[in-house]
Amino acid sequence: MSKYRELLETILSVDYLPMPVHDHLVAPAKRSVILRHDVDREVGRNLAMARLEHSMGIRSTYYFRHMKDVFIPEAIREVASMGHEVGFHYEVMDKAKGDTQKALEIFKQELEDLRKYAQVTTACMHGNPLASWSNRDLWEDYDFRDFGLIGEPYFSLDYSRVLYLTDTGRTWADRKIRVKDVLNECSGGSNSRLACKVRTTDDVIRLVKSREFAQICILAHPNRWCDGMSGWTKELVMQNVKNVGKAGIIHYRKISGERAKSRTG
């Protein structure tokens with residue numbers, strides 16, 4: 001968490017305005033860093049990060065999953081009480097096994113559950129690398145705006161203008177292990193040019209200091225940020241195992257796609 005504090009201090013030391021996703025969508029600043037967190041697990045680490053940001057006068061977005069050990073009313077209320085945005089980290093296509101109609105009903109109910117403890121105006125999909133579908137596929141048939149939501153980061157942020165940095169896979173730059181945390185529209189521009197330039201948090205800090213980009217979105221998963229050796233080592237080992245599996249999935253899908261093209265070509 002000390003390295004994340006250093007990143008926050010850097011953001012505050014230059015003329016970037018840190019803000020939640022909601023604020024950017026409603027009133028974007030000329031120079032800003034959009035701070036987004038997915039509450040996947042380890043709620044205690046999420047609360048620690050939220051408290052750190054609050055102590056520094058920073059507000060960000062926390063997307064809560066609707067699952068045991070994460071959907072904890074006391075934690076949701078505390079995050080909201082500090083002024084952070086609480087959002088819905090939905091995985092309803094996974095729960096409905098790809099059935100969009102069933103997924104929509106689950107989405108309605110789980111969003112209603114979350115709104116019992118905080119105001120929710122944005123939602124963001126959770127990625128499951130093992131599924132053949134993506135949770136954002138739900139919006140091919142429906143519109144999230146019908147549920148009082150003003151945005152979904154994978155659809156609502158203009159990534160031709162906003163540089164997207166994510167620690168998905170416990171690495172800032174390795175796209176070979178990203179199965180679902182990929183951008184639909186912006187495969188070019190600054191997001192491609194930075195693929196090899198930003199590899200460590202120190203690189204992110206240097207990038208912020210450079211003021212090269214007017215708007216940056218940083219996705220940091222709090223469960224990956226801890227100073228204790230035991231927690232740090234456990235997270236490292238777990239993520240390395242997952243990364244090997246995700247790289248294998250991506251390679252298999254690439255080979256399968258090439259074979260399908262050769263058969264129809």
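This is a short talk about the helix packing, one strand pair and a few single residues in a predicted model.

Hi everyone, and thanks for coming. Please keep in mind throughout that we are looking at a predicted model. Let me begin with the overall picture. The protein has 265 residues, and 52% of them are buried. Its secondary structure comes to 10 helices and 7 strands. If you take the contacts with a separation of 6 or more, 75% of them are between residues 24 or more positions apart.

Let's go to the N-terminal part and look at helix α1, residues 2–13. How does α1 sit against helix α3, residues 43–55? Their axes come within 11 Å and cross at roughly 30°. Angles under 35 degrees count as roughly parallel, and α1 and α3 are therefore roughly parallel to each other. The crossing of α1 with α3 is right-handed. On the α1 side the contact is made by Tyr-4, Arg-5 and Leu-8, and on the α3 side by Met-49, Leu-52 and Glu-53. By class, that gives 4 nonpolar residues, 2 charged ones and no polar ones.

I'd like to stay with Tyr-4 for a moment, which is found in α1. Is Tyr-4 buried or exposed? Its relative accessibility is 0%, so Tyr-4 counts as buried. And what does Tyr-4 touch, once we leave aside its neighbours within four places in sequence? The list is Leu-35, His-37, Met-49, Leu-52, Glu-53, Ala-220 and Trp-225. From that list, Met-49, Leu-52 and Glu-53 are the α3 residues in the helix contact I just showed you. Ala-220 is worth a look too: Tyr-4 and Ala-220 are 216 residues apart along the chain, yet their C-alpha atoms are separated by 9.0 Å.

Now turn the view so that you see the other partner of α3, which is helix α4, residues 73–81. α3 and α4 pack with their axes 10 Å apart, at an angle of about 15°. That angle makes α3 roughly parallel to α4. So which hand does the crossing of α3 and α4 have? Here the crossing is left-handed, whereas α1 passes α3 in a right-handed one. α3 brings Val-43, Leu-47, Ala-50 and Arg-51 to this contact, and α4 brings Ala-75, Glu-78 and Val-79. These residues divide into 5 nonpolar and 2 charged, with no polar ones.

One of the charged residues there, Glu-78, deserves its own slide. Glu-78 is in α4, and at 24% relative accessibility it counts as partly exposed. Not counting residues up to four places away in sequence, Glu-78 touches Leu-47 and Arg-51. The C-alpha atoms of Glu-78 and Arg-51 are 9.2 Å apart, and the two residues are 27 apart in sequence.

Let's move on to the strands. Strand β6, residues 162–166, is mostly covered, with 5 of its 5 residues buried. In a regular strand the side chains alternate between the two faces of the sheet. In β6, Val-162, Tyr-164 and Thr-166 point one way, Leu-163 and Leu-165 point the other way, and all are buried. What is the partner strand, and which way does it run? β6 runs parallel to strand β7, residues 215–219, and 5 bridges join the two. To find the register on your screen, start from Val-162, whose bridge partner in β7 is Gln-215.

Helix α9, residues 201–210, has Thr-201, Asp-203, Val-204, Ile-205, Leu-207 and Val-208 buried. What covers them includes α1, β6 and β7, so to speak our earlier acquaintances.

Last topic: backbone angles. Most residues other than glycine have a negative phi. Where do we find positive values? Just after α9, Arg-211 takes a positive phi of about 60°. Arg-211 lies in the loop between α9 and β7, and with 38% relative accessibility it counts as partly exposed. Another one is Asp-69, with a positive phi near 75°. Asp-69 lies in the loop between β3 and α4, and it is exposed, with a relative accessible area of 57%.

That's my tour, and I'm happy to go back to any of the views. Thank you!

Conventions:
Residues numbered from 1 in each chain as written. Predicted model: local features only at pLDDT ≥ 70, side-chain atom pairs only at ≥ 80, totals over all residues. Heavy atoms only, no water. Axes fitted to C-alpha atoms, helices over the stretch in contact; angles between N-to-C directions. Helix = DSSP H or I, 4+ residues; strand = E, 2+ residues; numbered from the N terminus. Parallel < 35°, antiparallel > 145°, perpendicular 65-115°, else oblique. Left-handed = near helix turned anticlockwise from the far one by under 90°. Contact = heavy atoms within 4.5 Å. Nonpolar A, V, L, I, M, F, W, Y, C, P; charged D, E, K, R; others polar. Buried < 20%, exposed > 50% of the residue type's maximum accessible area, 1.4 Å probe, protein only. Pairing = 2+ DSSP bridges.
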